[in-house]
Amino acid sequence: MKTRNIYVSLVVLSVVGFCLSPLVTAWGDDPQADEFVAHVKALPYPPDTREIEFRSIFKRIEFSSQSSLGALAAFYRAEMKKRGWEEDAKAEKIEDDSVDLTFKQGDAEVKVELDKRSKATLVRLGCKKLDFEGSNDPAAMLAAGVPQPQSYLFLQKNIPLPEKIQGLSYDDDECKFKSTMKLQEAFNHFVDLAKSLGWQQSLRVLSSDNRRYTEFKKGPVELSVNIFDDEVGSRIILGYESSQKEATVPPLPDVALASINKSAGTPSGKPSPTPTVQTGVDVSKNKGKATVTFGKKKYVFTHVAAYQMEENGNLRTALIFADKAIPYKRMQAALKKDKEDFSFLDLYEFDSPNVLTIGLNKYTSFSFSADGYGIGRSIDEPVREVNIENGRVVATIKMPSEEIFDKPFHFVATIEAGVMSPTTRVLNAVDPPPSVSPLVESAGLPLPEGTLEVQSGGSQYRRSATATVKMEMPQVEEFYRSTAATKKWREVPAKAGDAKPGAGVVLNYRDASGPIHVVLTPKGKETVVQITTRNEVKAKQDGVLPEPGKARLILGNAHTRPVVVTIVKRDYTLKPGQGGRDLKTALNYTVVAGKYPLTINVPGEKPQSEELNITEGTTWGVIALPTGGYFADQLY
């Protein structure tokens with residue numbers, strides 16, 4: 001499903017009765033200062049705010065705007081002053097492609113970071129001592145004058161949520177939360193709910209051991225239901241997409257960047273800084289391990305890094321433990337650019353790792369992020385052995401067990417690593433391949449960064465994806481050859497018929513499980529990628545692997561009533577539950593390649609027809625679902 005960001009026009013909303021006067025009046029004209037409110041909803045937001053995200057864990061707000069750097073800087077200076085904030089002139093930083101402004105009110109502080117990008121301006125608000133309570137209520141935030149994506153408002157208003165949910169959040173055109181309902185129970189709940197609300201199912205159910213996925217359509221809107229197995233029961237993601245275009249809000253009137261400088265001279269009005277000699281840090285010798293126990297689950301982190309930053313005049317040292325490779329080059333660039341507001345998880349655009357961060361300040365603290373949990377606090381009476389010399393840190397940190405969310409939590413961490421900072425440069429660093437699109441991450445298929453329009457699916461025996469990549473074909477080919485070397489795939493010569501007409505490059509590999517087939521087709525300055533993997537080993541173990549020169553057809557029934565499948569005028573009767581969960585109990589036939597018309601007959605429902613085009617070397621499955629309907633797709 002291609003995601004579109006669709007946002008509500010503030011001009012339209014003001015007509016229908018939403019109170020947006022702080023934004024739709026001429027900003028900066030009112031000399032009367034508003035009463036200071038230490039809540040994020042009281043901050044100013046430009047009328048053309050898009051893609052807004054409130055990250056309460058990190059006390060950060062992010063959004064994009066079509067307004068220029070100068071216009072946004074002038075907007076925040078005027079609007080923050082109206083709300084009683086004072087600007088910290090010493091913290092001002094104005095460059096050609098970025099602006100940093102800092103505002104204070106007592107103990108509260110907001111750092112406004114504006115970064116010019118190719119198609120928009122990225123705005124980040126780092127907030128200290130500000131309340132984020134209720135920021136995850138789109139309707140309430142909109143009523144307070146904070147622009148909200150149409151997707152959030154639609155999902156909140158139109159899709160009733162079950163009781164006793166946990167971790168509700170809205171981001172990326174999705175509503176996410178956890179429920180005590182188990183995987184299939186939660187999936188049945190939302191499928192039945194969508195149908196009762198008049199939604200038409202537009203995609204067959206995609207099912208695996210720990211996931212259920214389907215889509216519905218009503219008018220211009222599509223709703224996706226994506227449910228994963230989780231320790232508490234299930235993790236649920238409801239997605240929104242609409243083909244209907246919304247009215248756009250014009251950007252703020254442009255303001256010349258030079259006109260907002262405090263004084264003449266360099267872009268920031270300050271003397272040119274003396275170049276700093278960069279110290280080399282060898283990260284190839286980093287080693288360490290952290291073991292975190294949370295409830296009954298144990299997390300092990302073997303990728304490590306260490307860095308130091310100046311914070312409120314004090315030097316802060318942090319130790320990073322992650323379960324994925326660390327992009328040291330990107331981390332060094334971010335430390336240099338983001339200074340005090342550096343966030344390790346921002347280094348991963350899509351596939352964020354589970355991570356433990358230990359802060360070594362006056363007090364020892366930690367931050368743990370994994371599987372939807374975000375936990376952070378100081379540590380009472382830690383076991384702490386730390387030695388920092390010659391740009392390297394050697395440390396052992398132990399946290400005694402505590403009850404967090406009614407579960408025992410403790411960790412042990414050891415590290416030996418080079419200490420990075422804004423003035424260092426990394427040596428011998430090899431960053432991992434670009435992150436993959438979240439749309440195919442669950443299928444375990446690598447796609448380059450910049451992937452668009454992904455269609456993915458598969459089973460435990462076969463996974464496939466087709467996508468358009470914003471790279472020319474030689475770059476994409478290099479990505480897959482690099483990925484193959486990293487994953488230790490063995491290349492196999494391509495055979496006649498492996499590629500469709502017009503394909504530019506065909507890459508065939510094998511790993512320990514089975515074959516991997518990649519077809520690259522040029523499309524102007526973009527490339528169409530088709531990638532398929534097959535788990536030959538598991539297919540053979542489960543009796544799913546087709547015989548040489550033949551194909552295979554498997555029939556199963558996950559329904560609570562008997563089902564009859566008619567294939568070429570012959571009836572095949574399946575008992576309740578037969579082959580619904582365990583394919584070894586399903587009806588399993590070797591067939592020749594060809595087209596097979598079939599009809600699924602479930603008692604009390606209309607017969608449903610399908611035609612399968614079964615090719616040589618493939619296995620297809622037809623399974624009646626417990627919610628009604630059926631699954632018919634290629635398994636291998």
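In which strand does Arg-55 lie? In this predicted model, Arg-55 belongs to strand β1, and the account below starts from that strand before turning to cavities, helices, a set of paired strands and a few backbone angles.

**Strand β1 and its surroundings**

With a relative accessible area of 34%, Arg-55 is partly exposed, a class that covers values between the 20% cut-off for buried residues and the 50% cut-off for exposed ones. The C-alpha atom of Arg-55 is separated by 9.9 Å from that of Gly-126, although the two residues are 71 positions apart along the chain. Gly-126 is part of strand β7, which covers residues 121-128, and at 18% relative accessibility this glycine counts as buried. A further C-alpha separation, of 5.0 Å, is found between Gly-126 and Lys-111, which are 15 residues apart along the chain.

**Cavities**

Strand β1, residues 50-55, is also the element that gives the most to the lining of the largest cavity, to which it contributes three residues. The count of cavities of 30 Å³ or more comes to two, and they are set side by side in the table.

| Cavity | Volume | Element giving the most to the lining | Lining by class |
|---|---|---|---|
| Largest | about 90 Å³ | β1 (residues 50-55), three residues | five nonpolar, three polar, two charged |
| Second largest | about 30 Å³ | α6 (residues 183-196), three residues | six nonpolar, no polar, no charged |

The lining of the largest cavity is made up of Ile-52, Glu-53, Phe-54, Ser-135, Asn-136, Asp-137, Pro-138, Gln-148, Tyr-152 and Tyr-170. By class, that lining holds two charged and three polar residues beside five nonpolar ones. Around the second largest cavity stand Ile-159, Phe-190, Leu-193, Ala-194, Leu-197 and Leu-223, and this lining has six nonpolar residues, with no polar and no charged ones.

**Helices α3 and α7**

How far apart are the end C-alpha atoms of helix α3? They are 20 Å apart, which agrees with the span of 20 Å that should follow, at 1.5 Å a residue, for the 14 residues of this helix, numbered 69-82. Of these 14 residues, 12 are buried, so α3 is largely enclosed by the rest of the structure. The buried positions comprise Leu-69, Gly-70, Ala-71, Leu-72, Ala-73, Ala-74, Phe-75, Tyr-76, Arg-77, Glu-79, Met-80 and Lys-82, a list in which the charged side chains of Arg-77, Glu-79 and Lys-82 appear. Just after the helix, Gly-84 takes a positive phi of about 90°.

In helix α7, which covers residues 328-338, the buried residues are Tyr-328, Met-331, Gln-332, Ala-334, Leu-335 and Asp-338. Seen down the axis of α7, these buried residues fall within an arc of 165°, so they line one face of the helix. The general background is that an α-helix has 3.6 residues a turn, so residues three or four places apart point the same way.

**Paired strands β33, β36 and β37**

Strand β36, residues 594-601, has antiparallel partners in both β33 and β37. Four bridges join β36 to strand β33, residues 563-567, and in this pairing Val-565 stands opposite Ile-600. With strand β37, residues 608-614, the pairing of β36 extends over seven bridges, and here Gly-594 stands opposite Ile-614. Strands β36 and β37 form a hairpin with six residues between the strands, where Gly-604 takes a positive phi near 85°.

**Positive phi outside glycine**

Which residues other than glycine have a positive phi? Asn-390 is one of them, with phi near 50°, and Asn-428 is another, with phi near 60°. Most residues other than glycine have a negative phi. Asn-390 is placed in the loop between β22 (383-389) and β23 (392-404), and with a relative accessible area of 80% this asparagine is exposed. Asn-428 is found in the loop between β25 (424-427) and α8 (438-441), and at 54% relative accessibility Asn-428 likewise counts as exposed, the cut-off being over 50%.

Notes. Residues numbered from 1 in each chain as written. Predicted model: local features only at pLDDT ≥ 70, side-chain atom pairs only at ≥ 80, totals over all residues. Heavy atoms only, no water. Buried < 20%, exposed > 50% of the residue type's maximum accessible area, 1.4 Å probe, protein only. Arc of directions from axis to C-beta. 1 Å grid on protein atoms, 1.4 Å probe; cavity = no way out; pocket = protein on both sides within 12 Å on 5 of 7 lines; lining within 4 Å. Points joined across faces, edges and corners; volume = space filled by probe spheres on them. Expected span 1.5 Å × (residues − 1). Pairing = 2+ DSSP bridges.
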